[in-house]
Amino acid sequence: MAKHHPDLIFCRKQAGVAIGRLCEKCDGKCVICDSYVRPCTLVRICDECNYGSYQGRCVICGGPGVSDAYYCKECTIQEKDKESNLEALSILFIKLLMLYELFSIFTLRKRIS
């Protein structure tokens, strides 16, 4: 999935009990290799990626989820399903989050002194 979208990276945190979802556009795809053949293992995502407004969202594009996400048989045999959480995060989103955190730390220091 990330090989087709250079601005997306994987979360890579420890997977929790939440089940990954897919939207109508991405329905039936393997989360790792984008194939439509032989879905096998259910996708688990970390609790942080399934919290609040992210709950029930597509793990590939972030749209509203309509079906459960699965790894294909080949990715399961190669044990790519064991590589932790594979929720796609936008690099732009991560940079904005880091800037917000830096800004909040700066304003907190300014208030203290």
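This report walks through the cysteines, a salt bridge and two unusual backbone angles in a predicted model.

**Cysteines**

Let's start with sulfur. A disulfide is a covalent bond between the sulfur atoms of two cysteines. How many disulfides does the count come to here? The answer is 0.

Why does Cys-30 have no such bond? Its closest cysteine sulfur belongs to Cys-33 and sits 3.6 Å away, which is too far for a bond, given that a disulfide needs the two sulfur atoms within 2.5 Å. Cys-30 is buried, at a relative accessible area of 2%.

Cys-61 tells a similar story. For this residue the closest cysteine sulfur is in Cys-23, at 3.4 Å, and that is again too far for a bond. As for its surroundings, Cys-61 is partly exposed, with 39% relative accessible area.

**A salt bridge across the chain**

Charged side chains give a count of 1 salt bridge. Which residues meet in it? They are Asp-68 and Arg-21, with 2.6 Å from N to O. The pair ties together distant parts of the chain: Asp-68 is in strand S6 (residues 67–68) and Arg-21 is in strand S3, 47 residues apart.

Are the two partners buried or exposed? Neither label fits, because partly exposed covers what lies between under 20% and over 50%. Asp-68 comes in at 29% relative accessibility and so counts as partly exposed, and Arg-21 is also partly exposed, at 24%.

**Positive phi without glycine**

If you're scanning the backbone, stop at Asp-34 and Glu-79. Asp-34 has a phi near 65°, a positive value in a residue other than glycine. Glu-79 isn't a glycine either, yet its phi is positive at about 60°.

Where do they sit? Asp-34 is in the loop between strand S3 (21–22) and strand S4 (39–42). Strand S3 is also where Arg-21 of the salt bridge is found. Glu-79 is in the loop between helix H1 (73–77) and strand S8 (88–90).

Their accessibility puts them in separate classes: Asp-34 counts as buried, at 16%, while Glu-79 counts as exposed, at 52%.

**Accessibility at a glance**

Here are the residues discussed above, with their values.

| Residue | Relative accessibility | Class |
|---|---|---|
| Cys-30 | 2% | buried |
| Asp-34 | 16% | buried |
| Arg-21 | 24% | partly exposed |
| Asp-68 | 29% | partly exposed |
| Cys-61 | 39% | partly exposed |
| Glu-79 | 52% | exposed |

Conventions: Residues are numbered from 1 along each chain as its sequence is written. This is a predicted model: local features need pLDDT of at least 70, side-chain atom pairs count only at pLDDT 80 or more; totals for chains, interfaces and linings use all residues. Side-chain values use heavy atoms; hydrogens and water are left out. Buried means under 20% relative accessible area, exposed over 50%, partly exposed in between (1.4 Å probe, protein chains only). Helices (H or I, at least four residues) and strands (E, at least two) are DSSP runs, numbered from the N terminus. A salt bridge is a side-chain nitrogen of Lys or Arg within 4 Å of a carboxyl oxygen of Asp or Glu.
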